[in-house]
Amino acid sequence: MANYCRRLNSSFIINQRYSLICSIKHVSTSFQPKNATEYCMDLVRRYDFENFLCSLLLPSNIRSTAFAIRAFNIEIAQVRDVVTNRDIGRMRMQFWRDALENIYKDNPPQQPVALELHRVLRKDKLTKRWFNRMIDCRETYLNDRGFENVQLMEDYGENSVASVHYLILESAGIKNIHADHVASHLGKSQGIMVTIRGTPFNVSRNRVYLPMDLMIKHGVSQEDILRRKSDQKVKDLVYDIACVANQHLKLARSFKKELPKESRVIFLPAIACHSYLRQLETYQFDIFHPHLQRRNSWLPFSLFWNKFRRHF
């Protein structure tokens, strides 16, 4: 009987993995958005693939809401990369502030993400403050200034990433102080991880966002980063930054036993974050190593397996 159950579980996992792979292949090759819901899903797939995978594994009752929230985050995150003038960037941020006000007044602009947010807000009561906090955070860094210290980098993760988790928790109807703590620490860890991983791209745009206090500590100049140096002092700098991300990730996971079981799947992005930090260690904290810019082909399997285990 025990052997039969193990075979049954194994068959279930294989079938679920196959279904996930098929769905990923479908949206990656032949997916054409037909409405606002599909537009948001496709936007997240193209620009935030790891969180796209995580969102696919969410319960069906909150999945579309999560995609709408993440699509909104992508829209405001991309402002800096699509404008050449800060004033135009501020105008686009103001557009989203106004759009948000109108969405909550049942008068959304005819823009796919705004329309989808309006649709999900009719069934989910989401706090407008979290959306505004995301906009304020992104607007702060339109001037291309790096983080003055680690604290500001942590605040960036709290405001830009943790806010997404708070909103998804709200959509699931989860009100739990431990879940909020996990969202906060995971948001900070992800924010730091994205800053590290995005360094090669930002360098190509002549931008450096690594914290100045740690750069001074290790004797690393912005010019060193812009020249893509990978000497030991740069690796030591990246190690220190990665340690802060890893500390927040460990703190997030330390609350696992106190969490409502249904909330754990919301924190699957922790798996992707841990995967990158482990790869970074493997390549000796060389942020310019080409392998660190590749997608992790095992991530879909890892995410599904951890969902099955109720782990993050």
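Is D106 buried or exposed? D106 is exposed, with a relative accessible area of 56%. Here, buried means under 20% relative accessible area, exposed means over 50%, and partly exposed lies in between (1.4 Å probe, protein chains only).

This is a predicted model: local features need pLDDT of at least 70, side-chain atom pairs count only at pLDDT 80 or more, and totals for chains, interfaces and linings use all residues. Residues are numbered from 1 along each chain as its sequence is written, and side-chain values use heavy atoms, with hydrogens and water left out.

**The chain overall**

The chain has 16 helices and zero strands. Both are DSSP runs, numbered from the N terminus: helices are H or I with at least four residues, strands are E with at least two. Of the 312 residues, 52% count as buried. Take the contacts with a separation of 6 or more: residues 24 or more positions apart account for 72% of them. Contact means heavy atoms within 4.5 Å.

**Two loop residues with positive phi**

D106 and N206 can be set side by side.

| Residue | Phi | Loop | Relative accessible area |
|---|---|---|---|
| D106 | positive, near 60° | between α6 (86-104) and α7 (112-121) | 56%, exposed |
| N206 | positive, about 65° | between α11 (199-204) and α12 (212-217) | 59%, exposed |

Neither D106 nor N206 is a glycine.

**The core**

The largest nonpolar core has 96 residues. Such a core is a set of buried Ala, Val, Leu, Ile, Met, Phe, Trp, Tyr and Cys residues joined through side-chain atoms within 4.5 Å. It draws at least three residues from each of domain 1 (34-143) and domain 2 (145-296). These bounds come from an automatic or database domain assignment. The residues with the most contacts inside the core are F72, I196, I225, I266, F267 and L280. What does L280 touch, not counting residues up to four places away in sequence? The list is I196, V238, A242, F285, D286, I287 and L292.

**Rings and charges**

A search of the whole structure finds 14 aromatic pairs. Rings of Phe, Tyr and Trp (its six-membered ring) pair if their centres lie within 6.5 Å; planes under 30 degrees apart count as stacked, over 60 as edge-to-face and the rest as tilted. W298 and F301 have ring centres 5.5 Å apart and planes at 50°, so this pair is tilted. W298 is exposed at 61% relative accessibility. F301 is partly exposed at 24%. Ring pairs also link F72, F95, W96 and F131 into a cluster.

Two charged ends sit over rings. That requires NZ of Lys or CZ of Arg within 6 Å of the ring centre and within 35 degrees of the ring normal. K128 sits over the ring of Y104, 5.5 Å from its centre. R295 sits over the ring of F49, 3.9 Å from its centre.

**A loop contact and a helix**

P260 is in the loop between α14 (232-253) and α15 (269-282). P260 touches I174 and N176, not counting residues up to four places away in sequence. P260 and N176 are 84 residues apart along the chain, yet their C-alpha atoms are separated by 7.9 Å.

Helix α16 covers residues 299-308, and its buried residues are L299, P300, L303, F304 and N306. They lie on the same side of α16, because they cover an arc of only 165° around the axis. The arc is that of the directions from the helix axis to the C-beta atoms. R310 follows α16 and has a positive phi, near 60°.
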